[in-house]
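Good morning, colleagues. I should like to take you through one protein structure, beginning with its overall division and ending with some details of its backbone.

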Amino acid sequence: MLETRKASAVNGQQVLDVKMYINGKWKDASDNQTREVINPATGEVIAYAAEGTIADAREAIFAAREAFESGVWSDLPPMERAAYLYKIADKIEEQAEEMAKLETADNGKPLREAGFDMGDAAACFRYYAGMITQPDGQTYHVADPMQAMVVREPIGVCGLIVPWNFPLLMSVWKIAPALAAGNTIVFKPSEITPINPTNLIKIIEEAGVPKGVVNLVHGAGPVVGNEIASHKEIDMVSFTGGTKTGKHIMKAAADTIKKVSLELGGKSPNIIFADADFDVAVDYALFGIYCGSGQVCSAGSRILVEEGIYDQFIKRFTERAKQIKVGPGLDEETEMGPLVSKEHMEKVLSYIELGKKEGARLLFGGERLTGENLGNGYFVAPTAFADTTLEMRIVQEEIFGPVAAIQKFSGEEEAIRLANGTDYGLAGAVFTADGAKAMRVIKKLRAGITWINSYHPTYNEAPWGGYKQSGIGRSLGTFGLEEFQEIKQININMQVEETGWFKN
Ligand code: NDP
């Protein structure tokens, strides 16, 4: 765990000192700049993180390149790489309690959510440790005397860029398969939540992974992130974040034709038919949008309700949402924490104002919450708009906060048209008692992750990613490993003799 501390410029208290890890050494930024890391529940500085430079990013990229070319990691038998990954999983579990508290302090999420993330992170390392030792590749029966086969190889140096909403878990979804496949990495977490991503690298160091294999650079996305996305010595960039940033990354990667994998934003529909189990549907609708304060890429931010139960749904949804306990994540009673930063809170509040101007009916919430235990935190009340229409910006754009847009529909066809009516295609759900209808609707949804009579569960075993402007490629499952592998065709001649093609 991070041990080094320095005095806060605000109150002189000791706070965490978050360094970078390049070529096996912990380092400050080359120009010694740092950035404040803020606890969003209190507005207080809890750490200073190195603000990396382009020079730091390049040092990390060259270290990763050298480590890759040396074969110190890629040449290890998969069983040996797997042993390191199992060790990392064990260490995450040993430190899970403390790391969960740090995740809550850094990101704001309630402790119980952070606890799940720690468990999932350890399980993800174990999952890919097991997978990399399994048989893979293919053989083909081609014309004699040839035999063709396909093997999978690491891509090389992978640049991994992740956001702030699941600081540890989003890091692990990339680092575990990238390392399992034999790549070396340059990793940039969000500068807003660098603490547990850095703790993870400390754990990787303690597990004995050779120097240069894993490199951590902090710093601004447009500086350090852009350098990673555009540098010639990076063979692949795997990015999770907003769609707008994803477009920058694709452009930055184009000049060097590097492989690009993108997990982007969403505006996911949660479709509730009149024949659904009513209480279950209301419950999951709340969970779909307010879990993580709505800062979840797959959040069910558009709730489509069939006309026969629309008014009844709004009544019950409102009653229950008003009872959600908002507070600091470390408070055991808390069910919904703050938003991650002041800037993000202001963005969410401005979308709420926009919704009012667009003529949507504000049902509840809509304001910043302050009060006894909320101090200077960035709390926004659970909020919902009813009577929204597809043209509204609050229906089309990702707000990434606790703001639901509720819309009425009539019948299957309209539900599908509305559900598919945005540029996004990440997730979606259907609630109904009619199994055949559920399948008909799900098959028409242009989305990569779907649920029937459920919302949000995610499994290491199953691929995660979006259609349309929600991304390219998949995390998790076998697909998540393949993202970090090249495919090589090998043709073997079993009769070694001249071709006879040219006469002389
Ligand atoms: P951003 O796109 O703003 O940032 C994501 C990461 O990219 C951060 O590390 C950021 O750095 C970096 N970055 C920013 N600009 C650039 C750039 N020009 N070049 C390279 N890197 C850059 O997203 P947020 O952090 O705001 O995260 C929220 C978004 O992530 C939402 O849209 C959400 O839907 C999406 N997301 C998608 C998931 C999925 O699986 N599909 C899962 C989780 C989140 P820094 O912030 O440090 O400057």
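**Two domains and what lies between them**

What you see is a predicted model. The protein is divided into two domains: domain 1 takes in residues 3-264 together with 470-488, and domain 2 runs over residues 269-452. Measured is not the word for any value here, as this is a prediction. Between the C-alpha centres of domain 1 and domain 2 the distance is 31 Å.

Let us turn to the interface. On the side of domain 1, 23 residues are in contact with 26 residues of domain 2. Together the two domains bury about 1,900 Å² between them, and 61% of that area is on carbon and sulfur atoms. Which residues of domain 1 lose the most area to domain 2? They are P40, W164 and S470, which together make up 27% of what the domain 1 side buries.

How many salt bridges does the rule find across this interface? The number is zero. Polar contacts, by contrast, are present: six residue pairs are found across the interface of domain 1 and domain 2. Two helices of domain 1, α3 (96-107) and α4 (111-132), each supply at least two residues of the side that touches domain 2. By character, the residues on that side of domain 1 divide into nine nonpolar, nine polar and five charged.

**The ligand**

I now come to the ligand, which has 30 residues around it. Those that come nearest are E191, G221, T245, L264 and E398. For two of these residues I can give a polar distance. In E398, a polar side-chain atom lies 2.6 Å from an oxygen atom of the ligand. In G221, the atom concerned is a backbone N or O, and it lies 2.8 Å from a ligand oxygen.

W164 deserves a second mention. This residue is among those of domain 1 that lose the most area to domain 2, and an N or O atom in its side chain is 3.0 Å from an oxygen atom of the ligand.

**Salt bridges and backbone details**

Across the whole structure, a search finds 25 salt bridges. One of them joins the side chains of E482 and R152, at 3.6 Å from N to O. E482 belongs to helix α15 (residues 477-482) and R152 to strand β8 (residues 146-154), so this pair ties together parts that are 330 residues apart in sequence.

Two backbone features remain. The peptide bond from D144 to P145 is cis, with omega near 10°. P145 has its place in the loop between β7 (138-140) and β8.

The other feature concerns I257, which is not a glycine and yet has a positive phi of about 45°. Where does I257 lie? It is found in the loop between α8 (243-254) and β13 (259-263).

Thank you for your attention.

Conventions: Residues are numbered from 1 along each chain as its sequence is written. This is a predicted model: local features need pLDDT of at least 70, side-chain atom pairs count only at pLDDT 80 or more; totals for chains, interfaces and linings use all residues. Side-chain values use heavy atoms; hydrogens and water are left out. Domain bounds come from an automatic or database domain assignment. Contact means heavy atoms within 4.5 Å. Buried area is the accessible area (1.4 Å probe) that two parts lose on being put together, summed over both. A salt bridge is a side-chain nitrogen of Lys or Arg within 4 Å of a carboxyl oxygen of Asp or Glu. A polar contact is a pair of N or O atoms within 3.5 Å; within protein, one must be able to donate a hydrogen and the other to accept it, and residues adjacent in sequence count only if both atoms are side-chain atoms. Helices (H or I, at least four residues) and strands (E, at least two) are DSSP runs, numbered from the N terminus. Ala, Val, Leu, Ile, Met, Phe, Trp, Tyr, Cys and Pro count as nonpolar, Asp, Glu, Lys and Arg as charged, and the others, Gly among them, as polar. A residue is near a molecule or strand if one of its heavy atoms lies within 4 Å of it.
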